[in-house]
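Trainee: Could you take me through one part of this protein in detail, namely the strands and the side chains that join them? I would like the cut-offs spelled out as you go.

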Amino acid sequence: MKTCLLDEFCEVFVAQEDVRFENAVGCVVSLLALSPMVEGITLRGFAYPLTDGVLTLSESRGVSNVILEDPAVMHVRSGDLLVIRLQGVLTAAERHLVKTQEAAKGRDLLKQVRIQLMETARPVM
């Protein structure tokens, strides 16, 4: 059974092979492995593209990617991958940071901050 949690800011679901994000440029997408290993992850149209990647349980590398193209596409070959798509949740400072002249550097900095938050909070989650 496919299940999706949805409100005005967030959509959460488990990826089922192919996922297509339309009209989602600027949305933040985080990917978290729900099974010990998720394999064959391919991302197109994201700030951090990926080809045939792997995420493991409790790994935070999939946190805070940004959709840059319409449509953005994701494929998962095997495993259970939790997808969290956020819209309109960046602060004004974060939006400015990712739009600086060196946008990639701003995105990297924002991603590192969010990864650090996840790693620090993991023991209490």
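Mentor: What follows begins with the overall make-up and then turns to the strands, their side-chain pairs and a few single residues.

This is a predicted model, in which local features need pLDDT of at least 70 and side-chain atom pairs count only at pLDDT 80 or more, while totals for chains, interfaces and linings use all residues. Residues are numbered from 1 along each chain as its sequence is written, and side-chain values use heavy atoms, with hydrogens and water left out.

The protein has two helices and nine strands, where helices (H or I, at least four residues) and strands (E, at least two) are DSSP runs numbered from the N terminus. Read from the N terminus, the order of elements is β-β-β-β-β-β-β-β-β-α-α. Of its 125 residues, 39% count as buried; buried means under 20% relative accessible area, exposed over 50%, and partly exposed in between, with a 1.4 Å probe and protein chains only. Among contacts (heavy atoms within 4.5 Å) between residues at least 6 apart in sequence, 67% join residues at least 24 apart.

Turning to the sheet, five strands make an open sheet in the order E1-E2-E9-E4-E7, with antiparallel pairing; two strands pair if DSSP finds at least two bridges between them. Strand E1 (4–6) and strand E7 (65–66) each have a single partner strand and stand at the edges, so one side of each is left without a neighbour in the sheet. Within this sheet, strand E4 (residues 28–33) and strand E9 (residues 81–86) pair in the antiparallel sense over six bridges, and Val28 has Leu86 as its bridge partner in E9.

A salt bridge also involves strand E9: Glu11 and Arg85 form it, with the closest N and O atoms 2.8 Å apart. The term stands for a side-chain nitrogen of Lys or Arg within 4 Å of a carboxyl oxygen of Asp or Glu. This pair links distant parts of the chain, since Glu11 is in strand E2 (residues 10–14) and Arg85 in strand E9, 74 residues apart. Both Glu11 and Arg85 are buried. By the rule above the count comes to four salt bridges, and another of them joins the side chains of Glu22 and Arg20 at 2.6 Å, N to O. There, Glu22 is partly exposed at 48% relative accessibility, whereas Arg20 is exposed, with a relative accessible area of 54%.

Past the end of E9, Gln87 lies in the loop between E9 and helix H1 (92–98), and with a relative accessible area of 41% Gln87 is partly exposed. Leaving aside neighbours within four places in sequence, Gln87 is in contact with Glu8, Phe9 and Cys27. Gln87 and Cys27 are 60 residues apart in sequence, yet their C-alpha atoms are 4.9 Å apart in space.

Another pair of strands, E5 and E6, is joined in the antiparallel sense over five bridges. These two strands form a hairpin with five residues between them, and Gly45 in the turn has a positive phi of about 90°. Ile41 has Gly53 as its bridge partner in E6. Gly53 counts as buried at 8% relative accessibility, and beyond residues up to four places away in sequence, Gly53 touches Val38, Glu39, Gly40 and Ile41. The C-alpha atoms of Gly53 and Val38, 15 residues apart along the chain, are separated by 8.4 Å.

Aromatic side chains come next. Rings of Phe, Tyr and Trp (its six-membered ring) pair if their centres lie within 6.5 Å, and planes under 30 degrees apart count as stacked, over 60 as edge-to-face and the rest as tilted. By this rule the count comes to two aromatic pairs. In one, Phe13 and Phe21 are tilted, at 6.5 Å centre to centre and 45° between the planes. In the other, Phe21 and Phe46 are edge-to-face, at 6.1 Å centre to centre and 85° between the planes. Phe21 lies in strand E3 (residues 18–21) and Phe46 in the loop between strand E5 (37–44) and strand E6 (50–56), so this pair ties together parts that are 25 residues apart in sequence. Phe13, Phe21 and Phe46 form one aromatic cluster. As for burial, Phe13 is buried with a relative accessible area of 13%, Phe21 is buried with 5%, and Phe46 is buried too.
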